[in-house]
Amino acid sequence: MDVDISGWSGEGEFTQTMLDHLKTVEQIAAVKVEDAPSSRSEADYNFLSNEIFVTFATVERRQPVRRLGIIPGTRRVAEKALSIADLPNQLKTAAGIGPPDYSDDGMIQYLRTERIIPPYQTRGYKLVELVRIYETGGKPYSGQ
């Protein structure tokens, strides 16, 4: 699997947990993690937004066809081994991840909050982490 974290600052414990689990999924060929531009920090909260882009592996199979309507033959068809719609089923069984807060045909979204109380301070802050997962790469192709 190809993992690209060059656009990610490394912030976000939940993002790291998600990345560690995605590395174990065999049907994923590549993962890229980036900081989203909506991340910001104020006095009483930190908002982290990370985006994960996944490319699914393809599986090749042979499909029967008829050329000119009468000549039998086969053609090779490459299909994705997994889809973005099926990925939440794999993620919800993982420890520390669970079901997504939002999911549709193009994106999966997780929102995690936690209260951080640093030592020797009376006032803590709230850490809000938003992780969005998108599919990249082309659609399955058909080849002769």
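The following exercises, each with a worked solution, concern a predicted model.

**Exercise 1. The salt bridge between Glu79 and Arg61**

Task: Determine where Glu79 and Arg61 lie, and classify each as buried, partly exposed or exposed.

Solution:
- Step 1. The side chains of Glu79 and Arg61 form a salt bridge, with an N to O distance of 2.9 Å.
- Step 2. Glu79 belongs to strand E6 and Arg61 to strand E5; the two residues are 18 residues apart, and the pair links distant parts of the chain.
- Step 3. A residue is partly exposed when its relative accessible area falls between the limits of 20% and 50%. Glu79 has 32% relative accessibility and is therefore partly exposed. Arg61 has a relative accessible area of 37%, so Arg61 is partly exposed as well.

**Exercise 2. The partner of Arg76**

Task: State which residue forms a salt bridge with Arg76.

Solution:
- Step 1. The partner is Glu60, and the closest N and O atoms of this salt bridge are 4.0 Å apart.
- Step 2. Arg76 is placed in strand E6 and Glu60 in strand E5 (residues 58-67), 16 residues apart, and this pair links distant parts of the chain.
- Step 3. Arg76 counts as partly exposed because its relative accessibility is 38%.

**Exercise 3. The surroundings of Glu129**

Task: Decide whether Glu129 is buried or exposed, and identify the nearest side chain of opposite charge.

Solution:
- Step 1. Glu129 is located in strand E9 (residues 125-135).
- Step 2. Glu129 is buried, yet has no salt bridge.
- Step 3. The nearest side chain of opposite charge is that of Arg112, 8.0 Å away. A salt bridge requires a nitrogen-to-oxygen distance within 4 Å.
- Step 4. A polar atom of the Glu129 side chain lies 3.2 Å from the backbone nitrogen of Phe14.
- Step 5. Beyond its neighbours within four places in sequence, Glu129 is in contact with several residues, including Gly12, Thr15, Leu48 and Tyr110.

**Exercise 4. Two loop residues**

Task: Locate Ala81 and Pro37, and classify the accessibility of each.

Solution:
- Step 1. Ala81 occupies the loop between strand E6 (71-80) and helix H2 (87-91). Its relative accessibility of 32% is the reason why Ala81 counts as partly exposed.
- Step 2. Ala81 and Gln27 are 54 residues apart along the chain, while their C-alpha atoms are separated by 5.5 Å. Residues up to four places away in sequence aside, Ala81 touches Gln27, Ala57, Thr58 and Val59.
- Step 3. Pro37 is in the loop between strand E2 (28-35) and strand E3 (40-41). Pro37 is exposed, because its relative accessibility is 82%.

Technical notes
Residues are numbered from 1 along each chain as its sequence is written. This is a predicted model: local features need pLDDT of at least 70, side-chain atom pairs count only at pLDDT 80 or more; totals for chains, interfaces and linings use all residues. Side-chain values use heavy atoms; hydrogens and water are left out. Helices (H or I, at least four residues) and strands (E, at least two) are DSSP runs, numbered from the N terminus. Buried means under 20% relative accessible area, exposed over 50%, partly exposed in between (1.4 Å probe, protein chains only). Contact means heavy atoms within 4.5 Å. Lys and Arg count as positive and Asp and Glu as negative; His and the chain ends are not counted. A polar contact is a pair of N or O atoms within 3.5 Å; within protein, one must be able to donate a hydrogen and the other to accept it, and residues adjacent in sequence count only if both atoms are side-chain atoms.
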